[in-house]
Amino acid sequence: MSVTLDLSRVSGAAPAAKPLINLSGLTRSQMIAALTESGVAEHGKARMRATQVFRWIHHRGVTDFAMMTDVAKETRARLAEVFTIARPEIIERQVSKDGTRKWLIRMAPGIEVEAVYIPSVGRAGALCVSSQVGCTLNCSFCHTGTQALVRNLTAAEIVAQVQVAKDDLAEWPSDKDDRLLSNIVFMGMGEPLYNMGAVADAIEIISDNEGIAISRRRITVSTSGVVPQLQALGEKTQAMLAISLHATNDALRDELVPLNKKYPLDQLIAGIRAYPGISNARRVTFEYVMLKGVNDSPDEARALVKLIKGIPAKVNLIPFNPWPGSDYQCSDWAAIEAFAAILNKAGYSSPIRTPRGRDILAACGQLKSESEKVRASALRQLSMAAMAGVLDDDEDDEAA
Ligand code: SAH
Ligand code: SF4
């Protein structure tokens, strides 16, 4: 496979010399508070000023206060003294021959995150973002699970992944026609429901029509099943829900997704049924990684149909992506097809996707200078790319 590598930095923004407050990645109400507290906004004008600035940053994508032409010159100068809107550093950018793009972004020293854009999924294309560096959970088939949690990402760091992608795709302003980036999936590193505050704030900015303007129903949050947070996720974000199921009985799920010991299947299924806004138009996605001889038999497919009966759902069968040291193997293609056929017959859409961007992800796995952590996340992203196929089948779609 041919590989197109471009190691140039797409954002030239240098890290700030003195600690400036990052305005990029604040919600509108947080921005009002920041402008008021800093004394930059004139008394009584904070709301209006914040809306202007918010729009410049999140709708038009500017990275320099000087571009904010409807803000008085002195105010722009004051803003630049106190705040920053610079992008984080892009360490690497790769483009696959199939159009998949991947960025390795350094948010802070030791805080490196990947975001992957996959074209032709969802309405136009989807960006897979991370919510944490590392993960506290230890799903046995997941490479991220072998890394300790480094830390939660902030809302600004989650939004920055979208901004970097939009810079590179030339997607500003956000209401541009024929957008390439139409969907967001929280399927990168980390468990989003263990970082709810930042994830909810990021979704507020991403979905705000004065901001990045991607409809909440085109934003999907994937969770391994943090049942007590499901209600809050639905209420706070109105995001689409994806559940990493992977097994149909507690004994096996305890092994694959150890969080199951805390929140077993009956609790998980009850939590999903109660997810706010779930309907035929807003179906839940069940992710099911295909592990040879472990969870891929026709009996398991039938058990899956039984388990999710009555839930408006689709099932995303993910070919297992092997990583060094893992004992699992990916199911044979015939087994995956037979599994999918049982689901289809029962009325569940169950797309199987050939992984996208294999060429660049493989290349990334060979990075020499990067830490073990980064290599691990690169490998994980391969499955992300595979899974974004979940967005393909029902993009009917209403306006954002
Ligand atoms: N922590 C969240 C979101 C990130 S993981 C969650 O678990 O849902 C996104 C998806 O990738 C999950 O469904 C996860 O189970 C799956 N995944 C992890 N490792 C994988 C691998 N090696 N091969 C295929 N899918 C994998
Ligand atoms: Fe964490 Fe998700 Fe990987 Fe499990 S599958 S270890 S929850 S990132």
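Two strands count as paired here if DSSP finds at least two bridges between them, and the strands themselves are DSSP runs (E, at least two residues), with helices being H or I runs of at least four residues, both numbered from the N terminus. With that in hand, Glu 89 has Arg 106 in strand S5 as its bridge partner.

A quick word on the ground rules. This is a predicted model, where local features need pLDDT of at least 70 and side-chain atom pairs count only at pLDDT 80 or more, while totals for chains, interfaces and linings use all residues. Residues are numbered from 1 along each chain as its sequence is written, chains are lettered from A and ligands numbered from 1 in the order in which they are written, and side-chain values use heavy atoms, with hydrogens and water left out.

**The chain as a whole**

The protein chain holds 12 helices and 14 strands. Of its 400 residues, 59% are buried, where buried means under 20% relative accessible area, exposed means over 50%, and partly exposed is in between (1.4 Å probe, protein chains only). About 15,900 Å² of the protein chain is exposed, and carbon and sulfur atoms supply 52% of that; the areas come from the Shrake-Rupley method with a 1.4 Å probe, and for residues only the protein chains shown count as cover. As for contacts (heavy atoms within 4.5 Å), take those with a separation of 6 or more: 69% of them link residues 24 or more positions apart.

**S4, S5 and S6**

Back to S5, which covers residues 101–108 and has 6 of its 8 residues buried. On one side, S5 pairs with S4 (residues 89–96) in the antiparallel sense over 6 bridges. The hairpin of S4 and S5 has 4 residues between the strands, and Gly 99 there takes a positive phi near 95 degrees. S5 also runs antiparallel to S6, joined by 7 bridges, and Arg 101 has Tyr 117 in S6 as its bridge partner. That hairpin has 2 residues between its strands, with Gly 110 in the turn at a positive phi of about 80 degrees.

Pro 119 sits in S6, which spans residues 111–119. Pro 119 is buried at a relative accessible area of 15%. Its C-alpha atom is 9.6 Å from that of Ser 182, although the two are 63 residues apart along the chain.

**S12 and its neighbours**

Strand S12 (residues 240–244) has 5 of its 5 residues buried. In a regular strand, side chains alternate between the two faces of the sheet. Here Met 240, Ala 242 and Ser 244 point one way, Leu 241 and Ile 243 the other way, and all are buried.

S12 has parallel partners, listed below with the residue pairs.

| Strand paired with S12 | Bridges | Residue pair |
|---|---|---|
| S11 (residues 219–223) | 4 bridges, parallel | Val 221 opposite Leu 241 |
| S13 (residues 284–290) | 3 bridges, parallel | Ile 243 with Phe 286 |

S11, helix H6 (residues 230–237) and S12 also make a right-handed β-α-β unit; right-handed means that, with the strands pointing away from the viewer, the path from the first strand over the helix to the second runs clockwise.

**Around ligand 2**

Which residues surround ligand 2? They are Cys 135, Leu 137, Cys 139, Cys 142, Gly 145, Gly 190 and Ser 224, each with a heavy atom within 4 Å of the ligand. By class, that shell has 4 nonpolar, 3 polar and no charged residues. The nonpolar class is Ala, Val, Leu, Ile, Met, Phe, Trp, Tyr, Cys and Pro, the charged class is Asp, Glu, Lys and Arg, and the others, Gly among them, are polar.

**A buried histidine and some unusual backbone**

His 58 lies in helix H2 (residues 46–59) and is buried, at a relative accessible area of 0%. Leaving aside neighbours within four places in sequence, His 58 is in contact with residues including Leu 23, Met 31, Val 159, Trp 172 and Ile 212.

Most residues other than glycine have a negative phi, and most peptide bonds are trans. The bond from Trp 172 to Pro 173 is cis, with omega near -5 degrees. Pro 173 is in the loop between helix H4 (155–169) and strand S10 (183–186).

Ala 170 is in the loop between H4 and S10 too, with a positive phi near 55 degrees. Ala 170 is partly exposed, at a relative accessible area of 46%. His 246 has a positive phi near 70 degrees and lies in the loop between S12 and helix H7 (250–256). At 4% relative accessibility, His 246 is buried.
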